[in-house]
Amino acid sequence: MQQIFNFLIRNKNSILFLILLAVSVFLTIQNHSYQKSRFISSANFVTGGVYNWANNINTYLHLDEYNERLLEENKQLRNILLNVNDSISLEEKLDSTSFEGNYQFRTARVINNNFNKPDNYLTLNRGENSGIREEQGVITSQGIVGIIDRTNNNYSRAISILNSRSRINAQLKNTNHFGSLMWNGKDPNTVQLIDVPRQAPVQQGDTIITGGRSLIFPKGLPIGSIESFELDQTQSYYTIQIKLFNDMTNIGYVYVIENLNKEEIKELENEQ
């Protein structure tokens, strides 16, 4: 306490000056409209900057939570969109980008993604407890990613489209010519569409979509665009290089698709 008194006595002139300066500034601002408006404007600028800075930090710290919310909203919207076939017009049904069937979407986060091996896989943070089963498709908003091949209670594994065993039905968006999508093990951003008949009007830049001839992916999901093409050795079929819409080296969150009519269709097809 004695040291505080000594400090005050030693600096009494400076302290008195600061008090008088503060009083004079206060009176100036209080009694002059121009100085008052400038002070308020400056104070708002400073506090606004502080609030914006604090909000940016808070937003950054909660990005994962925001992503989860957006995925959940997108999942609900996709489920609604894909199950309103009765309300869409015939013309819309004929559009190759309209989905037919009864599908349910679930969200998941990719916790491991291989893309530099001949046979690549993705591991998801959701499993059977979340309704994920084998032979369900995995996509993002940009395109297809793979197919679930293993599950346990809390996790699942998907065969990436960057896998030598992957074969997915795909077609040209503007026609009904289709083929089989595969990967040659080279560029993780490019896959190959084979067995497309030479009669197909193939052009560079055309869009490739899922063909809907399997029970996993609905027709019309985006895959990529034609980068180049050539006839195979038989001169009867095209081998088409497809530039993927997805960046397979940067997959974070995905949707897992369940075909709710799959068992019914399989049962019918297996009847003798």
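Let me start with strand E11, which has a covered face made of Tyr-238, Ile-240, Ile-242 and Leu-244, and an uncovered one made of Tyr-237, Thr-239, Gln-241 and Lys-243. In a regular strand the side chains alternate between the two faces of the sheet. When I say strand or helix, I mean DSSP runs numbered from the N terminus, with helices (H or I) of at least four residues and strands (E) of at least two.

Before going further, please keep in mind that this is a predicted model, in which local features need pLDDT of at least 70 and side-chain atom pairs count only at pLDDT 80 or more, while totals for chains, interfaces and linings use all residues. Residues are numbered from 1 along each chain as its sequence is written, and side-chain values use heavy atoms, with hydrogens and water left out.

Now to the neighbours of E11. On one side, strand E8, residues 190-197, runs antiparallel to E11 and is joined to E11 by six bridges, and two strands are said to pair if DSSP finds at least two bridges between them. Within that pairing, Val-196 stands opposite Tyr-238 of E11, and Tyr-238 belongs to the covered face that I began with. E10 also pairs with E11 in the antiparallel sense, over seven bridges; here Ile-226 stands opposite Ile-242, and Gly-224 has Leu-244 as its bridge partner. Strands of a sheet pair through backbone hydrogen bonds, either parallel or antiparallel.

E10 and E11 form a hairpin with five residues between them, and in the turn sits Gln-235, with a positive phi of about 60°. Most residues other than glycine have a negative phi, and most peptide bonds are trans. Is Gln-235 buried or exposed? Neither, as Gln-235 has 43% relative accessibility and therefore counts as partly exposed, where buried means under 20% relative accessible area, exposed means over 50%, and partly exposed lies in between (1.4 Å probe, protein chains only). Glu-135 also has a positive phi, near 65°, and is a residue other than glycine. Glu-135 lies in the loop between strand E2 (119-124) and strand E3 (137-139), and because its relative accessibility is 43%, Glu-135 counts as partly exposed.

Stepping back to the wider arrangement, which strands make up the closed barrel that contains E11? The order is E6-E7-E8-E11-E10-E9, six strands with antiparallel pairing, and the twist averages 40° from one strand to the next, with axes taken as lines fitted to C-alpha atoms, for helices over the stretch in contact, and angles running from 0 to 180 degrees between N-to-C directions. On the E9 side of this barrel, strand E6 (residues 168-172) and strand E9 (residues 207-210) pair in the antiparallel sense over three bridges, and Leu-172 has Ile-208 as its bridge partner. E9 is in turn joined by three bridges to E10, residues 222-231, again running antiparallel, with Ile-209 partnered by Pro-222.

Six strands also close into a barrel in the order E1-E2-E5-E4-E3-E12, with antiparallel pairing, and there the twist averages 45° from one strand to the next. Strand E1 (residues 103-113) and strand E12 (residues 253-259) run antiparallel and are joined by seven bridges, and Arg-109 of E1 stands opposite Tyr-253 in E12.

As for annotation, an unreviewed UniProt entry places the feature "domain: Rod shape-determining protein MreC beta-barrel core" at residues 110-258; such positions are given in the numbering used here, feature names are shortened, and annotations may be inferred rather than shown by experiment. In the model, that span is 0% helix and 50% strand, and its end C-alpha atoms lie 18 Å apart.

Finally, a word on helix H3, residues 33-61, in which Val-50 lies. Val-50 has 44% relative accessibility and so counts as partly exposed, and its C-alpha atom is separated by 32 Å from that of Tyr-253, 203 residues apart along the chain. Gln-35 lies in helix H3 as well, and at 33% relative accessibility Gln-35 counts as partly exposed. From C-alpha to C-alpha, Gln-35 and Val-25 are 9.5 Å apart in space, and they are ten residues apart in sequence.
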